[in-house]
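Please look over the sequence and the structure below. The report then walks through selected sites, one heading at a time.

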Amino acid sequence: MVSMVTYVGKSILKGIAVGKILFYEKEEQMVQRRSVEDAEHELARYEKAREAAQAELAQLYERALKEVGELNAGIFDVQSMMLDDEDFNDAVRNMMEAQKVNAEYAVAVTGDNFAKMFSEMDDEYFKARSADIKDASERVVKLLHGKGEEWSIGDEPVILAAKDLAPSETVQMDKSKLLGFVTELGSANSHTAILARTMNIPALIGVPVKPEMSGKMAVIDGEEGIFYVDPDEATLAAYREKLKEQEQKRKLLAELKGKENVTLSGRKIELYANIGSIGDTARALANDAGGIGLFRSEFLYLEQSGYPTEDEQFKAYKTVAETMAGKKVIIRTLDIGADKQVDYFDLGKEDNPAMGFRAIRICLARPEIFKTQLRAILRASAYGNLAVMYPMIISVDEVRRVKAMVEEIKKEMDGAGIPYGDFEQGIMIETPAAVVISDLLAKEVDFFSIGTNDLTQYTLAIDRQNAKLDDFYDSHHPAVLRMIQTVIDNGHREGCWVGICGELGADETLTETFLEMGIDELSVSPSRILPIRKIVRESKI
Ligand code: PEP
Ligand code: MG
């Protein structure tokens, strides 16, 4: 008798997996305290195990580098650095020498102490390093016990269920045998979750897993965040069908994945993804986006009942930057107002909100809100390839004021010793005014991203929210197309690259037109990337 049990978890990646469960239990390292006579001998054992651990971490780094990119692979570099850390090593050695205890015990206790110390820190980055210290010191203990890297999934593809998974365990697993994984612990932003997303493995966290699940049939529904154990025939059949569709899509995708967006005559463009939440990053990667061309940061404000703090924003931007592992991520600063109303902003009622107090206008009028966001973006820029762009620009003065604010923040951060990376600054071109003065604006910024949704509404005087006007709305209106050409030409003259991030960028009937116009980048919703890549690759332009 099959008795289906369903669990609700938090989805890390929206995919489906169907298969048997393998329960993974971390081998408990039973560390005993032993008194030793010869501390020198223990010191030598420790040094040998530490070296072997460093060699394993270097291998893991290489493996992760290939699978998930340099930035994510950096976790293993960090772990390696921890094992080289003087304070850590002094603590281990002192314990062996002063207390005359065995190396395993000294490493395990020191590892626990350091992990605890880190977990109590205020800084989220250091807090998260606590798991890395445990991971690294457990590796040394395991080697001191004479155990190597022998755990393997086996020959059958499985859904892995575990209480928790360390990043090193996730990377070590043979991905061709891993259908998906389900864990009880871990957070959506943990490195393991980021790795799962980057590797495109359906995964759920927050599911109570038990060893008895091993060997049972199961389904991960990453769309709904449901884990079915012992699914009934009908459920299984429905998911097998969905899986087939997923596979078909994947095949089509696989053919174009990793290929360049290059025309037959050799013209290359960038195809980036538009995202509106952290979760969308996985979709961007799954669809082989070259970067994020528009990260609509307003979702952080829309989801909350009060202003998101600098730290909350920093975490979100950093997660996306790290997940994209070195690919460009363009964060569009707050674009609230008009159709995106948030009560706590207290914007008041306006007769004409689309032409009202919105986007950069709010940011310039209320610098405390804007500066919080800019500081969060700058801090996150130390963790990846970030760029920032400003919406609804109508004048050179606005751009200069924003840039001055950025400079001010940089100075403050320099003074406080807070790191930030190099980042491009660009503007959205979504008002006719910006198009007309794009020659002047181009002198101020690194790039233009054309927001055709608003640009069309303001050019044609057609409210984009008003369904009654659908018949009048011509997205291919020559005025809009000519404007795009003007912006590209003016941008290029001053060395700016020019992209489109409005919906028109995904219009496949215009891809060749944009190529002819000289567009450098199209930023579209993730699922549109590969179909457009196909057109680009078949184009003679
Ligand atoms: C646009 O206006 O084209 C755009 C990309 O911004 P949003 O749709 O978020 O207003
Ligand atoms: Mg817009």
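## A buried arginine

R129 counts as buried, because its relative accessibility is 4% and the cut-off for buried is under 20%. The model is a predicted one. R129 sits in helix α4, which spans residues 124-144. Its side chain has a partner: R129 makes a side-chain polar contact with D132, at 2.7 Å.

## Domains

The domain assignment splits the protein into three entries. Domain 1 is made of two segments, 5-25 and 151-236. Domain 2 covers 39-144, and domain 3 runs over 267-538. Between the C-alpha centres of domain 1 and domain 3 the distance is 35 Å.

## The shell around ligand 1

Which residues come nearest to ligand 1? They are R296, R332, G451, N453 and R464, out of 14 residues around the ligand. Charged residues number seven in this shell. Four more are polar and three are nonpolar.

Two elements, β10 (291-296) and α16 (452-460), each supply at least two shell residues. Helix α16 gives the most, with three.

## Polar contacts to ligand 1

Two arginine side chains reach oxygen atoms of the ligand. For R296, a polar side-chain atom lies 2.8 Å from an oxygen of ligand 1. For R332, a side-chain N or O atom is 2.7 Å from a ligand oxygen. G451 uses its backbone instead: an N or O atom there lies 3.3 Å from an oxygen atom of ligand 1.

How much of ligand 1 does the protein cover? On its own, the ligand has 290 Å² of accessible area, and the protein covers 98% of that.

## The magnesium site

Ligand 2 is a magnesium ion. Its coordinating residues are E430, through OE, and D454, through OD. The distances are 2.1 to 2.2 Å. E430 lies in the loop between β13 (424-429) and α14 (432-436), while D454 belongs to helix α16, so the pair ties together parts that are 24 residues apart in sequence.

Are E430 and D454 buried or exposed? Both are buried. Helix α16 thus appears twice in this report: it holds D454, and it supplies three residues to the shell around ligand 1.

## Strand β12 and the loop after it

V388 is part of strand β12, residues 385-390. With a relative accessibility of 2%, V388 counts as buried. V388 can also be placed relative to Q373. The two are 15 residues apart in sequence, and their C-alpha atoms are 11 Å apart in space.

M392 is found in the loop between β12 and α13 (396-416). Its phi is positive, about 60°, although M392 is not a glycine. M392 counts as buried, because its relative accessibility is 2%.

## A second positive phi

K100 also has a positive phi, near 50°, and is a residue other than glycine. Where is K100? It lies in the loop between α2 (86-99) and α3 (103-119).

K100 has a relative accessible area of 37%, so this residue is partly exposed. M392, by contrast, counts as buried.

Terms used. Residues numbered from 1 in each chain as written. Chains lettered and ligands numbered in written order. Predicted model: local features only at pLDDT ≥ 70, side-chain atom pairs only at ≥ 80, totals over all residues. Heavy atoms only, no water. Near = heavy atom within 4 Å. Polar contact = N/O pair within 3.5 Å; in protein donor to acceptor, adjacent residues only side chain to side chain. Areas by Shrake-Rupley, 256 points an atom, 1.4 Å probe, with all protein chains shown as cover. Helix = DSSP H or I, 4+ residues; strand = E, 2+ residues; numbered from the N terminus. Nonpolar A, V, L, I, M, F, W, Y, C, P; charged D, E, K, R; others polar. Domains from an automatic or database assignment. Donors = N, O, S within 2.8 Å, 3.2 Å for Na, K, Ca; no water. Buried < 20%, exposed > 50% of the residue type's maximum accessible area, 1.4 Å probe, protein only.
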